[in-house]
Amino acid sequence: MTLGEKIFILRRENGLSQEELAERLGVSRQSVSKWESGNVMPDLDKVLMLSEIFSVSTDTLVKDNIGIISDGAEDEQDAFEDISSFSGAPVSEYGSEFDTGELPAAALTVKEDGQAAAQSEIPQEAAAAEKRKYRRALPAYLKIVISLVVCAALISAAVVPYFTGGYDRLAAMIFGGTDYPYVLVHGMGGWGSGSKINEVAPYWGADSGSLSEYLNKQGNSVYEANVGPFSSCWDRACELYAELTGTQVDYGEVHSKQHSHSRFGRKYEKPLVPSWGEEDENGRTVKINLVGHSFGGNTVRLFTHLLEYGAPEELAETDETTSGLFTGGKGKLVNSVTTLCSPHNGSTLYYISEDYGLTSYALGLCFSIAGLSQNTSFQKFYDFHLEQFGLKDAGANSANLNAVAKVISSSDDNAIYDLSPDGAQKLNERITLVKNVYYFSYSYCTTEKSTRSDAQVPISSTLPVLKATALLIGNYSVNKQTDFPIDKTWLENDGLVNVVSAKYPFGDAFTDFDENRIRPGVWNVMPTIVGDHGTAIGMNRSAELTHEFYDNLIEMINALPTRGGR
C-alpha cells in the first residue's frame with residue numbers, strides 16, 4: 001500500500017476532511033490532495049506530523065509492505081473494501097485475499113416457494129462440495145464479468161469523448177498530468193524577484209506578500225523573471241531567453257541596426273530555471289508554463305513564437321553567434337501560456353494620451369505607477385534594463401527618467417509603441433500560435449455601464465490611482481488619431497486595458513473556456529473577472545483570494561496532458 005493510500009484511509013478514519021488535515025499541517029488542501037493521489041511526496045517533517053496526528057509510527061506510514069486495517073471495519077474484508085474504495089478497484093462479494101472461509105449467501109439453495117433455505121438445512125458434506133464447486137467456477141465467472149466491464153470502458157472511452165470533447169481529459173487520465181516549472185513575467189513598469197525593490201514591494205503578490213514564495217511552499221516550482229520595464233516586446237523576449245538560459249542577451253544584428261542600439265546586453269551567470277529543456281528522472285523533457293501580467297502577456301506570446309519559428313531575418317545576417325532564440329524548433333519547451341490583463345490589441349489609453357496632448361513619457365508613468373508601491377526605496381533599487389541604449393545606472397533619478405523619455409519618444413522600439421493599438425496590430429501580424437502549447441487568457445473589468453449614457457464608469461472597489469484612467473477609457477469609443485477602428489466594445493476596461501483587448505489577439509483562433517475541452521493551439525478565453533488591473537497580481541486583494549486564484553490555475557494546468565513530445 002502506498003503512502004498516499006495510507007494518508008487517505010487514516011484521514012477518513014479520523015473524521016478529517018482534506019481542508020481540516022491541511023490546516024493542522026500548515027499546508028494547502030491541494031498539497032494533501034497531491035499526497036493522496038501519489039503525485040507528490042510529503043516532506044519528512046510533514047510525515048512526522050502525520051504520524052502524531054494519526055497516532056501511528058512513521059514506519060507504518062512509509063513502508064510499502066505495512067498495511068493499515070481501519071478501526072471502524074468489522075473484519076478484514078471491510079478493511080479491504082475501504083482500501084478498494086480509494087483505488088476504485090471492485091471488491092468481489094464472494095472472495096478476496098481476505099477470504100473468511102464462510103459460505104457465500106449466493107451459494108444457498110432455493111426452495112420451490114422462492115424462499116432461501118438456511119445453510120443448516122444442507123448436509124455438511126454436501127455444503128462443502130457445493131462450496132468447492134462454486135469456487136472452481138468463480139474464476140471463469142469473474143473473467144466474463146471483467147471482460148464485459150473492460151469492453152464497456154473501452155467503448156465509453158471512444159464514444160463519450162467524441163460527443164463531449166473530453167479527449168484531453170481522457171489523455172490526462174491515461175498519461176498523467178504534469179508538474180512543470182512556472183515562470184512569471186511582469187508588465188510594463190514592473191519587476192521580478194531579481195530586482196531589489198521586490199524585497200520590499202513584491203510585484204507578484206503585492207499586498208499578499210511574495211506570490212512565488214507562497215506557491216513554492218505548496219510544492220510548486222515558480223520563478224519570477226526580471227526584464228526591461230519599458231523595453232519593447234522584442235527586447236523583453238530576448239532578455240527573457242537570456243535570463244532563462246543563463247547567457248548574454250542578444251537583441252539580434254538586424255533588429256539592433258534598425259533601432260540604433262547595441263546588439264548585446266547584460267550577461268546572466270546562471271539560468272533562471274536550471275532544469276529547463278533537460279530530461280527529468282522519467283526521461284521527460286522539462287518544459288515551462290509562462291504566466292504574463294499586462295505587457296508580460298505580449299512578451300511571453302512573442303517569446304513562444306520565436307522559440308518555435310525563430311527569426312529568419314536574423315539567421316540570414318549572422319553566423320554561428322546567432323542566439324538560440326532565433327533558430328526556432330524549440331516550441332516544445334513551452335507547455336502553456338497564460339495572460340492576465342494583457343493588452344493583446346493595445347490600449348485606447350494611448351490614443352487618449354495623444355488627444356489630451358500628453359507625452360508618451362507621461363503615458364509610460366501612468367502604466368508604471370499602477371504597478372509601483374509608494375516606497376522611497378524605489379529610488380535606489382529600480383532597474384531600467386536599458387544597457388542596449390547606453391543607460392547603465394539603475395537609479396530612478398531625474399537624469400535616467402529623462403533618458404527613458406528620450407528612448408520612448410525617438411523610436412518605436414519601446415513598450416509604449418507596442419501598447420498602442422496600431423503597434424499591437426503590427427506585433428500580432430508577426431506572432432503565430434504554437435499548435436502544441438495551451439493558451440489561456442484572463443480579462444478583468446472594473447467598470448459598469450453609466451446610468452446616463454453608454455459610457456463605462458469605475459466601480460467603488462477600483463484602485464484610486466486607476467479610477468481616472470478607467471473613466472477616460474470608459475468614455476473613449478471613437479479613434480481620432482489613426483485609422484484603427486475603435487467602437488463601444490472598447491469601453492469596458494480594468495483601469496488600463498480594455499476588456500476586448502485582454503480576451504485574445506485579433507486574428508488568432510479562440511474558444512470560450514470549457515473545462516471538458518481544453519484545446520492546445522487556440523486561446524481558451526476565461527470568463528471576465530470583476531477587478532482592476534492590479535487585482536490579478538494581488539493589489540488591494542486578500543491573500544486568501546489571490547492564493548486561491550493561482551492555486552486553481554496551477555491545479556488546472558498541471559492536470560493537462562503534455563503535448564508535442566515527452
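Reader: Let's start with helix H22. Which residues in H22 are buried?

Author: Keep in mind that we're looking at a predicted model. A residue counts as buried when its relative accessible area is under 20%. Going along H22, the buried residues are Thr546, His547, Phe549, Tyr550, Asp551, Leu553, Ile554, Met556, Ile557 and Asn558.

Reader: How far apart are the end C-alpha atoms of H22, and what should its 16 residues span?

Author: Take 1.5 Å a residue, multiplied by one less than the number of residues. For the 16 residues of H22 that gives an expected 22 Å, and the model agrees, because the end C-alpha atoms are also 22 Å apart.

Reader: Now the sheet. In what order do its 7 strands sit?

Author: It's an open sheet, and the pairing is parallel. Reading across the 7 strands, the order is S2-S1-S5-S6-S7-S12-S11.

Reader: Which strands are the edge strands?

Author: An edge strand here pairs on one side only. That description fits strand S2 (222–224) and strand S11 (510–512).

Reader: By how much are neighbouring strands of this sheet turned against each other on average?

Author: Here the direction of the strands is ignored. Averaged over neighbouring strands of the sheet, the turn is 20°.

Reader: Follow Leu184 across the sheet for me. What stands opposite Leu184 in S2, and what is its bridge partner in S5?

Author: Strand S1 (residues 182–185) runs parallel to S2, joined by 3 bridges, and it also runs parallel to S5, with 4 bridges. Leu184 faces Glu224 in S2. Over in S5, the bridge partner of Leu184 is Val291.

Reader: And what is the bridge partner of Val291 in S6?

Author: S5 and S6 are a parallel pair too, held by 6 bridges. Step across from Val291 and the partner in S6 is Thr338.

Reader: How many residues of S5 are buried?

Author: The residues of S5 point two ways: Ile288, Leu290 and Gly292 go one way, while Asn289, Val291 and His293 go the other. Both groups are buried. The count for S5 is 6 of 6.

Reader: Which strands does helix H10 touch, and what angle does its direction make with that of S1?

Author: H10 (residues 233–245) packs on the sheet, touching S1, S2 and strand S5 (288–293). Its burial is heavy in count, with 12 of its 13 residues buried. Against the direction of S1, the direction of H10 makes about 145°.

Reader: How far is Cys238 from the nearest cysteine sulfur, and how many disulfides are there?

Author: A search of the whole structure turns up 0 disulfides. A pair of cysteine sulfurs has to be within 2.5 Å to qualify. Cys238 is in no disulfide, and the nearest cysteine sulfur, from Cys233, is away by 9.8 Å.

Reader: Is Cys238 buried or exposed?

Author: The cut-off for buried is under 20% relative accessible area. Cys238 comes in at 2% relative accessibility, so it counts as buried.

Reader: Last one: which residue's side chain makes a polar contact with the side chain of Thr462?

Author: Thr462 sits in the loop between strand S10 (456–458) and helix H20 (464–473), and at 2% relative accessibility it counts as buried. Leaving out residues up to four places away in sequence, Thr462 touches Thr446, Lys467 and Asp532. The side-chain polar contact, at 2.4 Å, is with Thr446.

Key
Residues numbered from 1 in each chain as written. Predicted model: local features only at pLDDT ≥ 70, side-chain atom pairs only at ≥ 80, totals over all residues. Heavy atoms only, no water. Pairing = 2+ DSSP bridges. Helix = DSSP H or I, 4+ residues; strand = E, 2+ residues; numbered from the N terminus. Axes fitted to C-alpha atoms, helices over the stretch in contact; angles between N-to-C directions. Contact = heavy atoms within 4.5 Å. Buried < 20%, exposed > 50% of the residue type's maximum accessible area, 1.4 Å probe, protein only. Polar contact = N/O pair within 3.5 Å; in protein donor to acceptor, adjacent residues only side chain to side chain.
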